[in-house]
Amino acid sequence: MIPIKLKMQAFLPFNEEQVIDFNVIENDKIFLITGNTGAGKTAVFDAIFFALYGCASGSEREKDSFKSLFADDATLSYVEFTFKNKGKIYTVYRTPAQLRLRRNGHLTGENATATITLESGEIISGVNSVNAYIESIIGLNAEQFKKIVMLPQGEFRRFLSDNSSEKQEILRKIFSTDIFEEFTLKLKEKNSELSLKSQKAEASRENFCSSIIPLPDSSLAEALTAENKNYEKIVSLCEEYNAYLDELIAKQNSKINSLTERKFYLDIEKFKETNKKLDGFKKVKSEYALLLDKKDEFSAKRKELALLEKAKEIKAIFDSLKDTEKQIDIKNKDLPILKKNYELSNAEYEKSFESFNTIADISEEISRLKAISEIFESLKAQNLKLKKLNEQISEAQEYFDAFKIKAENQKINNILSLISKLDNTFEESNELNQAFKEDSFKYQNAFNIFIKNQAHNLAVTLKENEPCPVCGSTHHPSPALKNDDKHIDENELKRLKEAYETSANRLRESNEKLNEIKFTLKEYVSDDIIQKDIPKLTESFSAKLKEENNALAKNELYSSLDDEGFASLLTKLNANKESINEQALSLEKEILQFNITEEQLNNKLKEKSALIEKIKAEFKAAQEKKDKDKAEFERNNEALKQLLSSKEELKVKFKNMLSESKIDDNALPSLFDKLDSFEELKKEISEYEISFIRYEEQLKAYTKELKDASYTDIEKAEKELEDVKEKLNGLTDEYEKNLSVVNTNRAMCEKLNNLNEQFKEISYNYNQVNQLYQIASGKNKSKVSFERYVLGVYFDSVIQNANLRLVKITGGRYYLRRRADKERGNSPSGLELEIFDSFNGKFRHVNTLSGGESFKTALCLALGLADTVTQNSGGIEINTIFIDEGFGTLDSDALDSAVECLYSIKASGRYIGVISHVNELCEKIPLKLYVSEGKNGSKVSFKESN
């Protein structure tokens with residue numbers, strides 16, 4: 001990844017939009033980011049890292065705290081980063097989560113956004129989608145990027161002293177060795193699974209043995225109760241016992257079958273059922289004989305029922321005919337009345353129609369009255385115009401009078417402007433005073449620490465009985481101690497002093513400005529008034545100004561007029577007034593001709609409109625009444641015609657049915673009287689026929705079923721059955737007991753035999769897998785797991801690449817190697833580091849290195865890691881390295897070596913960005929990106945020193 005351009009706005013200390021063009025580093029390939037402490041040097045790295053991964057390069061900054069504190073609520077915070085990777089150019093744009101001021105004045109929260117534009121012009125949107133795409137093209141996730149490409153302050157030195165477990169977590173992500181851990185976890189799962197299977201198989205064998213039933217005091221019983229069981233012997237003895245039981249069961253089964261056959265024959269309930277059926281057979285025969293005796297009687301009743309069914313049909317037609325004749329009589333009485341009603345309503349309708357024709361004349365009268373009403377409305381409009389014009393003339397005159405106080409108002413406006421400046425300057429002076437106190441405290445505190453450390457530096461040179469160069473004393477009972485809390489060098493002290501002096505100058509300038517405003521304000525108000533509360537003073541003069549401007553604020557039309565223009569305006573307004581007066585007088589004369597008041601006119605309009613509505617309503621009601629009566633008369637007349645037609649049809653039908661039934665007219669009344677008993681007779685015949693059929697069917701069934709049946713002596717049969725049952729029960733209990741034993745034993749033997757084979761296989765597999773798991777998980781002599789062994793190979797390559805630079809940067813004094821001895825206790829090992837010191841020819845732990853030595857070693861280790869990743873990951877190109885780490889801990893020679901190391905990286909074609917404010921480093925690296933702070937936020941710019 002090679003940076004091309006970085007744009008950022010309202011991001012961390014940068015308020016205004018900043019643009020960094022990295023094309024200027026193409027020749028140098030190494031640049032220094034420098035500036036005062038707190039100016040925002042690390043924020044440049046944070047911006048690049050945020051653009052790529054949506055978070056800060058360090059671990060201390062929250063992801064929702066990126067928006068600059070210098071930016072107002074309306075400004076959008078964003079970062080845009082253009083870079084090249086594998087020959088292709090990408091531009092990623094991100095905004096952090098932030099509060100934005102909308103046009104409606106509301107402050108609302110906005111979620112983080114992200115887009116990446118590809119070289120083809122395709123755009124990928126969405127935070128998650130962009131994160132995934134960045135990882136896919138660069139080949140590193142955020143954590144890996146921080147360990148290999150961007151080495152943030154306080155982060156990459158930890159890798160040097162991390163223990164094996166911590167290094168494993170880092171190297172696992174970088175070299176993707178998760179597959180080896182997954183392999184170990186699967187071995188563990190398989191090991192646990194086989195162990196559990198072995199335990200379950202052993203428990204199952206014990207359970208099956210406990211279910212085997214032996215003969216007491218037999219060889220099988222002894223084998224089952226032995227402490228160390230021989231399961232194969234148990235199976236053999238059990239099979240012998242089962243063979244003996246099989247022979248015994250066969251003999252018992254033969255005897256049981258014989259007794260069961262005899263028991264089946266002695267079925268007492270069947271004997272009782274047969275006796276009961278024989279009794280029922282006798283009863284059915286008796287009932288059937290009685291029904292045969294009544295056969296002729298019910299034959300006559302069937303004929304009578306047939307005659308009554310015909311009479312019933314004839315009576316239905318007869319009743320319909322009589323009902324129709326009654327309805328005809330009613331209609332003949334109603335029709336004359338309905339006809340009379342229709343004639344009356346028609347006459348009323350004709351009369352109403354004559355009134356309806358007068359509506360046109362009334363409407364014409366209403367139109368004439370409305371024309372007069374419009375004249376009244378015109379007169380009202382002219383009077384209203386006249387009233388408004390009089391008000392406008394009065395208003396104009398009032399404004400002209402108020403115009404004279406305009407000069408006095410200008411004076412008050414000047415006073416208010418000065419009061420506002422005074423208030424703002426007071427506030428600015430208070431803020432500068434607070435900043436001055438803070439900078440003064442920081443400088444004094446740093447000065448004290450510096451003096452103490454200087455005293456300590458002098459104290460370490462003092463020797464007993466030799467004079468102190470300060471006080472001359474030869475005794476030194478209390479030499480100055482070193483301040484371990486903080487180290488202040490001359491550059492830091494100088495920077496704090498400059499900040500203190502700047503704050504003092506700003507405070508002095510603000511106080512001078514404050515006195516100048518007070519002096520100007522004294523021209524308008526006395527000094528004692530100026531000392532009063534500023535808000536109350538502003539309120540007092542604002543109220544006075546408002547009171548005097550009320551007249552001036554009424555109409556903006558007059559504000560631009562002078563005396564001559566105002567006189568012209570009044571002339572024009574009065575001319576309009578005379579014109580309107582003339583029009584009003586003309587309208588009043590016209591109204592007098594009609595000899596009617598407005599109230600009388602309105603009353604007549606209402607009266608005429610109400611009369612029209614009344615006539616319309618009466619006409620509509622008369623029309624509806626006529627139509628209703630006509631429809632009623634016609635409907636009843638039609639109904640009478642239909643009834644007369646139905647009467648003739650019923651007469652014909654009655655005559656035909658009587659002829660077809662061959663019933664005499666004189667016999668009809670008698671048959672009609674018997675119809676009341678029709679249903680009862682029908683029911684009686686039906687019940688007889690059902691009973692006859694039922695007994696006939698029962699007789700056939702009994703005859704067929706009991707053809708050869710005879711009565712049985714129940715008491716004798718029961719006695720014989722009890723004897724058979726007693727013998728059968730005793731034999732069956734013994735048989736079932738032996739059968740249960742042999743079935744149980746045979747099943748247990750079969751399962752036990754199978755388990756013996758399974759147990760052998762499970763034990764073999766468990767031993768193999770357990771041995772592999774112990775080796776892979778690090779439970780071995782060296783305490784090195786399979787994954788850590790693989791990582792060790794990668795780590796050896798990292799150490800080899802790191803030593804190439806470390807030997808050179810330390811003048812051949814140091815080189816790294818992995819510790820061979822294992823850690824104490826059960827701690828994992830295999831990735832610990834130690835350093836060889838050629839000065840004493842010994843290896844020691846890396847934690848014993850000094851601050852400067854630790855930095856050089858950690859830098860070489862980080863660069864070695866980058867080299868190894870590039871060598872082993874074909875898809876990853878590490879073209880750029882960013883370093884934010886303490887070069888201030890290095891002495892002059894070590895700094896020269898570190899710079900030489902950096903330039904050796906440059907020679908390999910990589911780009912290098914370094915953060916530092918160390919003066920010596922500034923001199924050694926010509927191309928610098930300056931970060932300068934200001935009141936409205938920091939700014940960045942590239943400069944090249946000679």
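This note goes through a predicted model point by point, from the chain as a whole to single residues.

1. Overall content. The protein chain holds 24 helices and 17 strands, and of its 946 residues 37% count as buried. Among the contacts in the protein chain with a separation of 6 or more, 75% are accounted for by residues 24 or more positions apart, a figure to keep in mind when reading the chain segment by segment.

2. Helix α8. This helix, residues 231-265, has 35 residues and reaches 50 Å from its first C-alpha to its last, which is close to the 51 Å expected at 1.5 Å a residue. Its buried residues are Tyr231, Ile234, Val235, Leu237, Cys238, Tyr241, Asn242, Leu245, Ile249, Gln252 and Ile256. The cover over these buried residues includes α6 (178-211), α7 (219-225) and α20, the last of these being residues 714-776.

3. Helix α9. What span should be expected of the 26 residues of helix α9? At 1.5 Å a residue, helix α9 (residues 268-293) should span 38 Å, and because its end C-alpha atoms are 39 Å apart, the model agrees with that expectation. Ile268, Phe271, Asn275, Leu278, Gly280, Phe281, Val284, Tyr288 and Leu291 are buried in α9. The elements that cover them include α8 (231-265), α10 (295-356), α19 (678-705) and α20 (714-776); α20 is thus named in the cover of the buried residues of α9 and also in that of the buried residues of α8.

4. The second largest pocket. About 770 Å³ of space lies in this pocket, and 23 residues line it, with Asp439, Ala499, Arg506, Glu933 and Gly934 lying nearest its centre. Both α12 (406-459) and α13 (490-521) supply at least two residues of the lining, and α13 gives the most, with seven residues. By character, the lining of the second largest pocket divides into eight nonpolar, eight polar and seven charged residues.

5. Lys41. This lysine is placed in helix α1, which covers residues 41-53. Is Lys41 buried or exposed? Its relative accessible area is 9%, and since buried means under 20%, Lys41 counts as buried. A polar atom of the Lys41 side chain lies 3.3 Å from the backbone oxygen of Asn36. Leaving aside residues up to four places away in sequence, Lys41 touches Ile33, Thr34, Gly35 and Asn36, and also Ile915, Ser916, His917 and Val931.

6. Ala10. Although Ala10 is not a glycine, its phi is positive, at about 50 degrees, and a reader checking backbone angles may wish to look at this residue. Ala10 sits in the loop between β1 (2-9) and β2 (18-21). With a relative accessibility of 0%, Ala10 counts as buried.

7. Lys86. A positive phi, near 55 degrees, is also found at Lys86, again a residue other than glycine. Lys86 lies in the loop between β4 (78-85) and β5 (88-95). Its relative accessible area is 41%, and because partly exposed covers values between 20% and 50%, Lys86 is partly exposed. The two residues with positive phi described here therefore stand apart in exposure, Ala10 being buried at 0% and Lys86 being partly exposed at 41%.

Terms used:
Residues numbered from 1 in each chain as written. Predicted model: local features only at pLDDT ≥ 70, side-chain atom pairs only at ≥ 80, totals over all residues. Heavy atoms only, no water. Helix = DSSP H or I, 4+ residues; strand = E, 2+ residues; numbered from the N terminus. Buried < 20%, exposed > 50% of the residue type's maximum accessible area, 1.4 Å probe, protein only. Polar contact = N/O pair within 3.5 Å; in protein donor to acceptor, adjacent residues only side chain to side chain. Contact = heavy atoms within 4.5 Å. 1 Å grid on protein atoms, 1.4 Å probe; cavity = no way out; pocket = protein on both sides within 12 Å on 5 of 7 lines; lining within 4 Å. Points joined across faces, edges and corners; volume = space filled by probe spheres on them. Nonpolar A, V, L, I, M, F, W, Y, C, P; charged D, E, K, R; others polar. Expected span 1.5 Å × (residues − 1).
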